[in-house]
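Biologist: Hi! I'm new to this one. Could you walk me through it?
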Amino acid sequence: MNAPTAQDILPAGRRSSRTAAWFERYVRRHPPVAVGLALLGMMLVIAILAPVLWTVDPSAISATKRTRVPSELNWFGTDMLGRDIYSRVVYGARISLLVGFLVAVLASAIGLAIGLFSGFVRWADGIVMRIVDGMMSIPPVLLAIALMTLTGGTVTNVVIAITIAEIPRVVRLVRGIVLSLREQPYVEAAVACGAGAPRIIAKHILPNTLAPMTVQATYICASAMIVEAILSFIGAGVPPSIPTWGNIMAEGRALWQVRPHIVFFPALFLSLTVLAVNLLGDGLRDSLDPRLAKRI
Amino acid sequence: MKQLYAFIIRRVVSTIPVMAFVALFVFSLLYVAPGDPASIIAGDHATPADIERIRQSLGLDRPYLVRFGEWVMRVLQGDLGNSIFSSVPVAQQIAQRIEPTLSLMIMTLVIAVVVAVPIGVVSAWLAGTWVDRLFVGFAVLGFSIPVFVVGYLLAYVFALQLQWLPVQGYTPLSNGFLPWLRNLILPSLSLGAVYIALIARITRATMLEVLGQDYIRTAEAKGVSRRSILFVHALKNASIPVITVVGVGVALLIGGAVVTESVFAIPGLGRLTLDAVLRRDYPVIQGVILVFSFAYVIVNLIVDIIYTIVDPRIRY
């Protein structure tokens, strides 16, 4: 994981007073980023340390302990098979974060490549953009559902399906940036000096794509976690044997009127995680593009 | 005027390649779907020769593009094939389920616009104050809480605890307006949360931009009232991006409808999709995706045409 957490940054910052001062200033100026980082870091720690966080086997069935309400023994209660919901929710953090992170990285990388290609190769632009238009006319959740029904429900397939559904947005963003940069005098000057496409991409296009791409990637991460939960919730995602927040909620659906806690805890964790990523995205957008910050 | 018609015709024509792509995708979905339809129809005791005969009679042995062409011709005549499970025509199933979904979406749209636009306007007017921060905070929350979580939360508070509204179900409009409305309020609010956040955010952003323009200062200088400035001078000009977002956001509504309908047990297209996914009933999945995607394309076509007519500045 490349995303620095609050835990990573704090001790490192204390080592040198200058970075500490910078960090303090940054956090004070962008409190949402600090909250987002802290929440996300907490979820990351929970996901990594899941086995030692007083959890039991999340798949252990117990016929005598079915649908218990939260107690000292089962902090979040048990589900209809007697499984400990606290353990399931803690382990579920792994799948959500994994899917969110992988989809954000993959969709950004592939979208960047296709967007650059489309922006630079004139003859391909029309074809690529028609395909992108076509893909964007299918609502992302439906596209992911369609792809999942074709393949088996595994974590890999969920990542692939959501990535495919998210790529078109990145392609549009990158292509838009390329087309607007090509008109810039300094890029025209570079072309006039005989710079080839690889040099222009490396020196002029990529540095200008980095900021909007980072922001876009955080939003994709948030969206991917929600789509993953929706897929699991409707039974088209990760198989029920793996505890994910969507799966726990799907299993609690039948009982939600009498045992709302089964749905409540995974819902809370999912919402907090997505909120953390969105706060981070908003904060990054504000600090990376001050012009946009004034507007939105 | 002639130019406007030319634009409309060009815009309509431009949807053809998009729709063609959607059709090709949806067709390929069934083409590559696991399971051989011929052997399913033939049953367990069929010999390979039986299966081959059925395959030929269904035309399944013909090339991909030929089958695609035939399928498009059938779809254009309203034939979406039959469900693998119930053998009921898909088009008929979709027609039966359209009313609840359409009601849910229209209701959500109305609630979202009525709630979100004033929030965005007030937020822009009071930009930087605690009221604005509160609204912006709510918008971030709206983006972050998944639709089924909002659904369960609202149902728990307003239906189970307070018992103001029904927990779930759907009453057709033909049974009276009020029962119809009562059943739709909670699902529409849950489905609308993201949509409200989206529209409020764009309204705020474009209002802020418009409020910085010279003609707003002129209006202030000549003593136009605040309310008049906000709602007549500014909102009118800020409405173009808002209308666009309303169109684009329909994708969110379609994805959310699948989930909302299962939380509130509404027998609509979303519920049909869910059941079809669980049974891997490919012709139904195909039909629903086709209908939803075409609806989405057409909504955005209409939105584009509307704002070209509304805003004389847009060149066509």
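Modeller: Happy to. This is a predicted model, where local features need pLDDT of at least 70, side-chain atom pairs count only at pLDDT 80 or more, and totals for chains, interfaces and linings use all residues. Residues are numbered from 1 along each chain as its sequence is written, with chains lettered from A and ligands numbered from 1 in the order in which they are written.

Biologist: How many residues does each chain give to the contact?
Modeller: Chain B gives 40 residues and chain A gives 36 residues, with contact meaning C-beta atoms, placed from the backbone, within 7 Å.

Biologist: Which helix of chain B gives the largest share of the side that touches chain A?
Modeller: Helix 1 of chain B, with 7 residues. Helices here are DSSP runs (H or I, at least four residues), numbered from the N terminus.

Biologist: And by class, what is on that side of chain B?
Modeller: There are 33 nonpolar, 4 polar and 3 charged residues. Nonpolar covers Ala, Val, Leu, Ile, Met, Phe, Trp, Tyr, Cys and Pro; charged covers Asp, Glu, Lys and Arg; the others, Gly among them, are polar.

Biologist: New topic: at what angle do helix 3 and helix 11 of chain A cross?
Modeller: Roughly 140°, and their axes come within 8 Å. The axes are lines fitted to C-alpha atoms over the stretch in contact, with angles from 0 to 180 degrees between N-to-C directions.

Biologist: Which residues make that contact?
Modeller: Among them are Pro32(A) and Met43(A) of helix 3 of chain A, and Leu272(A) and Gly283(A) of helix 11 of chain A. The contact divides into 13 nonpolar, 3 polar and 1 charged.

Biologist: What does Cys221(A) touch, leaving aside neighbours within four places in sequence?
Modeller: Gly100(A), Phe101(A), Val103(A), Ala104(A) and Val277(A).

Key
Two residues are in contact if their C-beta atoms, placed from the backbone, lie within 7 Å. Helices (H or I, at least four residues) and strands (E, at least two) are DSSP runs, numbered from the N terminus.
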